[in-house]
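Q: I have a structure open and would like to learn how to read it feature by feature. Could you walk me through it?

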Amino acid sequence: MQKSRKRKQQLRLKPGESETKPAKISIPTKHDPYPTHPRPTPEECLAVRDSLLACHGFPQEFAKYREQRRNLSSLVIDTDAQNGVKSETLDTGEESVLDGLIKTLLSQNTTEVHAAESKCIEHAIRCGGLAPKKASCIKNILSCLLEKKGKLCLEYLRDLSVEEIKAELSHFKGVGPKTVSCVLLFQLQLDDFPVDTHVFEIAKAIGWVPEGADRNKTYLHLNQRIPNELKFDLNCLLFTHGKLCRKCTKKGGNQQSKESCDNSCPLLNYRVNL
């Protein structure tokens, strides 16, 4: 009963409120590796989100996840208002947690994939890069699930706390902090802030982390500093901006076919390292 109540409280923080100014918050420092680094502030996060939104619009590749978050929030609130009883798992049509974790065609038939040799999986996902490593990781995840749970399913994660989910997924060989954070944000509709290469480079360039920060500590710091109601939109927009703007990342090559906003970069006034 207590877990269910906590989950409902979390879900109420996720309507389309990201399009309004964030509430006043206190920044916890318990897990912050840079507690004396004051950026980003909530106001700065909101300003950057709005600037990137005006520049790019909301990225269509993430639109379905944004809609799922809004629908889930609305469903929980409506259910609470109508019957005043605890909400069970609601079917919002999102992809399964396992599908979201693996993110390959194999999600169409996970039983056959588990029975398949790693080389077959490797061939199916070769276009995504690092096929041998990913194939071994996927095979391991499926084998562990069958051994420990008796079925290929990760939906039980929806009943766990964020820290419990992180611990559970981290047990799988090859599943790192970024992958876990992506599952939390996109498949479980929880507030987390994945730090990929694009987000990491931009965070350093605009001074959101100290100059010598590494990616794991950047993840911990940004998750403490960025308000929950801004994490989803801001993460999607920073990722998209990092792919399009040469000046915001160290990677400037192979961009001829991509849109560039170098001459009107909305983060120009925030840059400290460029």
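A: Gladly! Along the sequence, the protein chain follows the pattern α-α-α-α-α-α-α-α-α-α-α-α. Keep in mind that this is a predicted model. Its secondary structure comes to 12 helices and zero strands.

Q: What percentage of the 274 residues in the protein chain is buried?

A: A residue is called buried when its relative accessible area is under 20%. Here, buried residues make up 46% of the 274 residues.

Q: And what share of contacts joins residues at least 24 apart?

A: For this we look at contacts between residues at least 6 apart in sequence, and 71% of them join residues at least 24 apart.

Q: Let's turn to a single helix. Which residues of helix α8 are buried?

A: Helix α8 spans residues 162–170, and its buried residues are V162, I165 and L169. The useful step is to look down the axis: these buried residues fall within an arc of 60°, so they line one face of the helix.

Q: How do I read the packing of two helices, and at what angle do α10 and α12 pack?

A: Take the angle between the axes, and then the distance. Helix α10 (residues 197–205) and helix α12 (residues 228–244) pack at about 90°, with their axes 8 Å apart. Angles of 65 to 115 degrees count as roughly perpendicular, and α10 and α12 are therefore roughly perpendicular to each other.

Q: Which residues of α10 and α12 meet?

A: From α10 come H198, V199 and I202, and they meet N235, L238, F239, H241, G242 and K243 of α12. Sorted by class, this contact of α10 with α12 has four nonpolar, four polar and one charged residues.

Q: At what angle do α10 and α11 pack?

A: The angle is about 75° for α10 and α11, and their axes are 10 Å apart. That makes α10 roughly perpendicular to α11. On the α10 side the contact is made by T197, V199, F200 and A203, and on the α11 side by R215, T218 and L222. By class, the contact of α10 with α11 has four nonpolar, two polar and one charged residues.

Q: Now a single residue. Where is H221 found, and is H221 buried or exposed?

A: Begin with the element, then the accessibility. H221 is found in helix α11, residues 215–225. At 0% relative accessibility, H221 counts as buried.

Q: Which backbone oxygens does the side chain of H221 reach?

A: The side chain of H221 reaches the backbone oxygen of R39 at 2.7 Å and the backbone oxygen of W208 at 3.2 Å. Beyond these polar contacts, look at the surroundings: leaving out residues up to four places away in sequence, H221 touches D32, P33, Y34, H37, R39, P40, W208 and V209.

Q: R39 and P40 both appear there. Is the peptide bond from R39 to P40 cis or trans?

A: Omega is the angle to check. For the peptide bond from R39 to P40, omega is near 0°, and the bond is cis. P40 itself lies in the loop between α1 (2–11) and α2 (42–56).

Q: What can I read from N223, which also lies in helix α11?

A: N223 counts as buried, at 11% relative accessibility. Its side chain reaches the backbone oxygen of Y219 at 2.9 Å. Not counting residues up to four places away in sequence, N223 touches D192, F193 and K231.

Q: What about phi angles: what is the value near which phi of Q189 lies?

A: When reading phi, check its sign and whether the residue is a glycine. Phi of Q189 is near 55°, a positive value in a residue other than glycine. Q189 is placed in the loop between α9 and α10, and with a relative accessible area of 1% Q189 is buried.

Q: One more loop residue, please. Is K173 buried or exposed?

A: K173 is exposed, with a relative accessible area of 68%. This residue lies in the loop between α8 and α9 (177–187).

Q: Which residues is K173 in contact with, leaving aside its neighbours within four places in sequence?

A: K173 is in contact with C137 and N140. Separation along the chain and separation in space are worth reading together: K173 and N140 are 33 residues apart along the chain, and their C-alpha atoms are separated by 7.1 Å.

Note on methods:
Residues are numbered from 1 along each chain as its sequence is written. This is a predicted model: local features need pLDDT of at least 70, side-chain atom pairs count only at pLDDT 80 or more; totals for chains, interfaces and linings use all residues. Side-chain values use heavy atoms; hydrogens and water are left out. Helices (H or I, at least four residues) and strands (E, at least two) are DSSP runs, numbered from the N terminus. Buried means under 20% relative accessible area, exposed over 50%, partly exposed in between (1.4 Å probe, protein chains only). A polar contact is a pair of N or O atoms within 3.5 Å; within protein, one must be able to donate a hydrogen and the other to accept it, and residues adjacent in sequence count only if both atoms are side-chain atoms. Contact means heavy atoms within 4.5 Å. Axes are lines fitted to C-alpha atoms, for helices over the stretch in contact, and angles run from 0 to 180 degrees between N-to-C directions. Angles under 35 degrees count as roughly parallel, over 145 as roughly antiparallel, 65 to 115 as roughly perpendicular and the rest as oblique. Ala, Val, Leu, Ile, Met, Phe, Trp, Tyr, Cys and Pro count as nonpolar, Asp, Glu, Lys and Arg as charged, and the others, Gly among them, as polar. The arc is that of the directions from the helix axis to the C-beta atoms.
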